[in-house]
Amino acid sequence: MTTDTEATVAGDSGSATAARRRIQTTSLAQEAYRILQRMIVHGELAPGARIVEPALCEQLGISRTPLREALRMLASEGLIATRRNRNAVVTRIDPTELEHLFEVEAGIESLAVGLAAERMTNTELKQLESLQERLERLLAKGDRDAYFALNQRIHALLVAGAKNPVLEETHRRLLGRLERARYLALDRLGRWKESTDEHRAILEALKTRDAERARRLLSDHVRHTGESITAINRR
């Protein structure tokens with residue numbers, strides 16, 4: 001006969017097993033999301049491409065459950081569009097939406113960097129300078145993917161320097177929607193040098209705690225990136 005204690009233990013064991021399954025599924029979904037996001041950002045899954053679930057499950061070595069969770073996350077960022085009873089597709093870059101997104105990013109990042117000029121510690125500024133030097137070395141090497149990843153990290157650190165969690169979370173969500181466009185901007189090789197020089201000027205303004213100059217420089221930096229993407233879209 002099963003005692004109450006034994007029943008409780010069995011129940012706990014079953015709950016723990018179910019929880020482990022949920023954690024494993026969530027982990028697989030997050031990993032699939034990261035892989036697919038990178039493929040979309042880097043153009044390996046081109047705008048308009050169909051998302052064929054069986055093929056992706058085989059390619060990623062996962063079942064449909066975590067894949068569909070990953071697709072939901074991608075859809076929430078506007079990277080794919082889901083369609084009833086049809087394959088999801090990679091969304092095309094909408095020039096009007098892009099313009100709106102860059103306007104918002106310019107506002108968020110310029111606000112953040114103005115606060116960061118007052119709130120970043122000297123240690124954080126030294127870390128930013130170290131990253132800037134790495135960025136300049138990657139520019140010299142022409143390592144596009146590494147440059148892009150580090151550039152994204154620098155933008156995130158600039159916003160984190162504001163010490164405002166709400167601002168940081170809002171920016172994190174926005175950055176996901178802009179990653180593909182930012183990567184596209186690097187198709188203009190001249191933009192690499194411009195962008196790196198603009199980052200250096202922003203850093204110098206932060207080091208002198210010149211909030212107004214930092215705000216203006218970062219707003220101009222985001223605007224220049226948007227203009228580069230517009231020029232590419234016209235081609």
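What follows is a short working chat about salt bridges, a surface patch, a hairpin and a buried residue in this predicted model.

Q: How many salt bridges does the count come to?
A: In this predicted model, the count comes to 19 salt bridges.

Q: What does Glu-53 pair with?
A: Glu-53 forms a salt bridge with Arg-68, and the closest N and O atoms of the two are 2.9 Å apart. Because Glu-53 lies in helix α2 (residues 53-60) and Arg-68 in helix α3 (residues 64-76), the pair ties together parts that are 15 residues apart in sequence.

Q: And is Glu-53 buried or exposed?
A: Glu-53 is buried, with a relative accessible area of 17%, whereas its partner Arg-68 counts as partly exposed at 38% relative accessibility.

Q: OK, what about Glu-124, which residue does it bridge to?
A: Glu-124 forms a salt bridge with Lys-163, with 2.8 Å between the closest N and O atoms. This pair links distant parts of the chain, since Glu-124 is in helix α5 while Lys-163 is in the loop between α6 (144-160) and α7 (165-185), 39 residues apart. Both count as partly exposed, Glu-124 at 26% relative accessibility and Lys-163 at 41%.

Q: How far apart are Arg-223 and Asp-220 along helix α9?
A: They are 3 residues apart in helix α9 (residues 211-234), so about one helical turn separates them. Arg-223 and Asp-220 form a salt bridge whose closest N and O atoms are 3.4 Å apart; Arg-223 is partly exposed, with a relative accessible area of 41%, and Asp-220 is partly exposed too, at 24%.

Q: Which residues are joined into one network by shared partners?
A: Glu-129, Glu-136, Arg-200, Glu-204 and Lys-207 are joined into one network by salt bridges that share partners.

Q: Switching topic, which residues form the positive surface patch?
A: The positive surface patch is formed by Arg-134, Arg-137, Lys-141 and Arg-153. Helix α5 (residues 122-141) gives the largest share of the patch, 3 residues, and Arg-137 lies in that helix.

Q: Is Leu-135, also in α5, buried or exposed?
A: Leu-135 lies in helix α5 and counts as buried at 0% relative accessibility. From C-alpha to C-alpha, Leu-135 and Phe-148 are 9.1 Å apart in space, with their positions 13 residues apart in sequence.

Q: Last one, in what sense do β2 and β3 pair?
A: Strand β2 (residues 80-83) and strand β3 (residues 86-90) pair in the antiparallel sense over 3 bridges, and the bridge partner of Ile-80 in β3 is Val-90. Their hairpin has 2 residues between the strands, and Asn-85 takes a positive phi near 60° there.

Conventions: Residues numbered from 1 in each chain as written. Predicted model: local features only at pLDDT ≥ 70, side-chain atom pairs only at ≥ 80, totals over all residues. Heavy atoms only, no water. Patch = residues over 30% accessible without salt bridge, like charges linked within 9 Å, V, L, I, M, F, W, Y side chains within 5 Å. Areas by Shrake-Rupley, 256 points an atom, 1.4 Å probe, with all protein chains shown as cover. Salt bridge = Lys/Arg side-chain N within 4 Å of Asp/Glu carboxyl O. Lys, Arg positive; Asp, Glu negative; His and termini not counted. Charge placed at Lys NZ, Arg CZ, Asp CG, Glu CD. Helix = DSSP H or I, 4+ residues; strand = E, 2+ residues; numbered from the N terminus. Pairing = 2+ DSSP bridges. Buried < 20%, exposed > 50% of the residue type's maximum accessible area, 1.4 Å probe, protein only.
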